Amino acid sequence: MANTREIILFTDCMMANSNGDMINDNRPRQDERTGKLEMSDVRIKRYYRDEADNRGFKIFVKPRVNEKGAVLDCKGTAKKIIADEKVKKEDLRSKLIEDYNDVKLFGAVVTDPTFHITGPLQIMWSKSIHEAEVKFAQGTSVFASNQGKKQGTTWSKYYTPYALFKTYMVYNDMTAKRQDISITEEEIEEFKDILISGIKNYKSTSKNQMPRLLIEVVYSKNYIDGELDYITVNKEKEDLSIRNIDEFIFDLAPLAKYYIAKKDIIEKVNIYRHPKVKLQNVIEDFCMKDI
């Protein structure tokens with residue numbers, strides 16, 4: 001069984017829409033009080049799910065269609081899995097936990113049959129560590145909306161020039177045990193690899209993010225700090241002038257202090273770093289790896 005751990009992930013978004021709000025004209029989600037951008041846990045999980053699906057893993061929460069081409073809801077998805085995999089209705093919960101990676105990690109709510117799985121790996125909402133600008137752009141496409149039109153259709157989109165996001169995650173081994181979910185250390189390593197690759201690989205004109213720094217604190221017992229807020233990020237420019245990751249310096253002195261204070265219950269600290277990230281106060285006990 002994998003040990004309890006906490007993860008802090010820093011990703012940045014460049015000339016793209018980090019997470020559009022559909023009820024606000026698809027503008028990037030933003031805290032109106034602070035000007036900081038926000039990104040839902042669903043968006044982060046989507047990076048993982050898309051990449052895992054591409055690699056051939058079974059994923060429960062993904063688009064599926066019926067024989068008429070209509071997109072299935074949760075109930076329809078469960079029904080399709082029961083039929084396709086010849087599973088008894090009462091055995092669906094065990095089947096999802098055993099075979100479907102996203103359910104095993106994140107949990108699921110299924111309406112028919114009715115059950116709820118609390119995932120041992122929880123991902124919180126992300127927020128940019130600085131105020132970020134939201135811009136609006138319009139243009140004309142090559143293709144017209146209808147035959148005979150004299151010009152192409154007009155497109156419009158919202159985007160941010162730059163934003164650096166911080167995401168907190170926690171894996172709780174006690175939650176896994178209570179749910180009869182068995183997750184190995186190898187599967188946690190696989191999760192990190194899939195998530196990092198998914199963020200890198202999901203590129204479009206609306207999504208353009210890069211994983212920059214992932215810090216993982218692995219505990220030798222069931223212990224959770226609750227926020228792991230021990231990385232000081234110093235900015236070299238004013239918030240709205242920031243345009244690149246190399247305009248930040250990540251100071252790990254608070255993390256080193258936390259590690260020393262909790263050394264009796266911390267098994268290891270893993271740091272996955274993009275080459276462009278500037279780090280300060282990295283101690284020898286930290287295990288450094290490349291993104």
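**Figure 1. Strand 5 is the top contributor to the second largest pocket.** Strand 5 gives the most to the lining of the second largest pocket in this predicted model, with 3 residues. The space in the second largest pocket comes to about 170 Å³. Strand 5 (107–111) shares the job with helix 1 and strand 6 (114–118), the elements that give two or more residues to this lining. If you want to pick out side chains, the lining includes Lys45, Arg49, Phe60, Val61, Phe106 and His116. Gly107, Ala108, Val109, Ile117, Gly119 and Gln122 are also among the lining residues. Sorted by character, the lining of the second largest pocket splits into 6 nonpolar, 4 polar and 2 charged residues.

**Figure 2. The largest pocket, with helix 1 in the lead.** This pocket has a volume of about 400 Å³. A set of 20 residues lines the largest pocket, and Arg46, Arg49, Val61, Lys62 and Pro63 are the ones nearest its centre. Helix 1 (41–54) and helix 2 (74–84) each put at least two residues into the lining, and helix 1 gives the most, with 6 residues. As for chemistry, the lining of the largest pocket holds 9 charged, 8 nonpolar and 3 polar residues.

**Figure 3. The largest nonpolar core and its best-connected members.** The largest nonpolar core has 48 residues, and those touching the most other members are Tyr48, Phe60, Leu92, Leu96, Leu121, Phe191 and Leu195. Helix 6 (residues 185–201) supplies the largest share of this core, 6 residues. Zoom in on leucine 195: setting aside residues up to four places away in sequence, leucine 195 touches Leu9, Ile44, Tyr47, Tyr48 and Met169. There is also a second, separate core of 32 residues, with Val170, Met210, Leu255 and Tyr259 among its members.

**Figure 4. Serine 128, tucked into strand 8.** Serine 128 sits in strand 8 (residues 126–131). Its relative accessibility is 2%, so serine 128 counts as buried. The serine 128 side chain reaches the backbone oxygen of histidine 130 at 2.7 Å. Ignoring neighbours within four places in sequence, serine 128 is in contact with Lys36 and Leu37, and also with Ala163, Leu164 and Phe165.

**Figure 5. Tyrosine 219 and its partner tyrosine 258.** Tyrosine 219 belongs to strand 11 (residues 209–219). With 0% relative accessibility, tyrosine 219 counts as buried. The side chains of tyrosine 219 and tyrosine 258 are joined by a polar contact of 2.7 Å. Beyond its neighbours within four places in sequence, tyrosine 219 is in contact with Asn3, Thr4, Arg5 and Glu6. The contact list of tyrosine 219 also includes Asp225, Leu228, Tyr258, Ile265, Ile266 and Glu267. Lysine 262 is 43 residues away from tyrosine 219 along the chain, yet their C-alpha atoms are separated by 9.3 Å.

**Figure 6. Zooming out to put the close-ups in context.** The protein chain has 7 helices and 16 strands. Its C-alpha atoms fill a box of roughly 70 × 60 × 30 Å along the principal axes. Out of 291 residues, 48% count as buried. Taking contacts between residues at least 6 apart in sequence, 70% join residues at least 24 apart.

Methods: Residues are numbered from 1 along each chain as its sequence is written. This is a predicted model: local features need pLDDT of at least 70, side-chain atom pairs count only at pLDDT 80 or more; totals for chains, interfaces and linings use all residues. Side-chain values use heavy atoms; hydrogens and water are left out. Helices (H or I, at least four residues) and strands (E, at least two) are DSSP runs, numbered from the N terminus. Buried means under 20% relative accessible area, exposed over 50%, partly exposed in between (1.4 Å probe, protein chains only). A polar contact is a pair of N or O atoms within 3.5 Å; within protein, one must be able to donate a hydrogen and the other to accept it, and residues adjacent in sequence count only if both atoms are side-chain atoms. Contact means heavy atoms within 4.5 Å. A nonpolar core is a set of buried Ala, Val, Leu, Ile, Met, Phe, Trp, Tyr and Cys residues joined through side-chain atoms within 4.5 Å. On a 1 Å grid over the protein atoms alone, a cavity is a set of points where a 1.4 Å probe fits but cannot get out, and a pocket is an open set with protein on both sides within 12 Å along at least five of seven lines; lining residues have an atom within 4 Å of a point. Grid points are joined across faces, edges and corners, and a volume is the space filled by probe spheres set on the points. Ala, Val, Leu, Ile, Met, Phe, Trp, Tyr, Cys and Pro count as nonpolar, Asp, Glu, Lys and Arg as charged, and the others, Gly among them, as polar.
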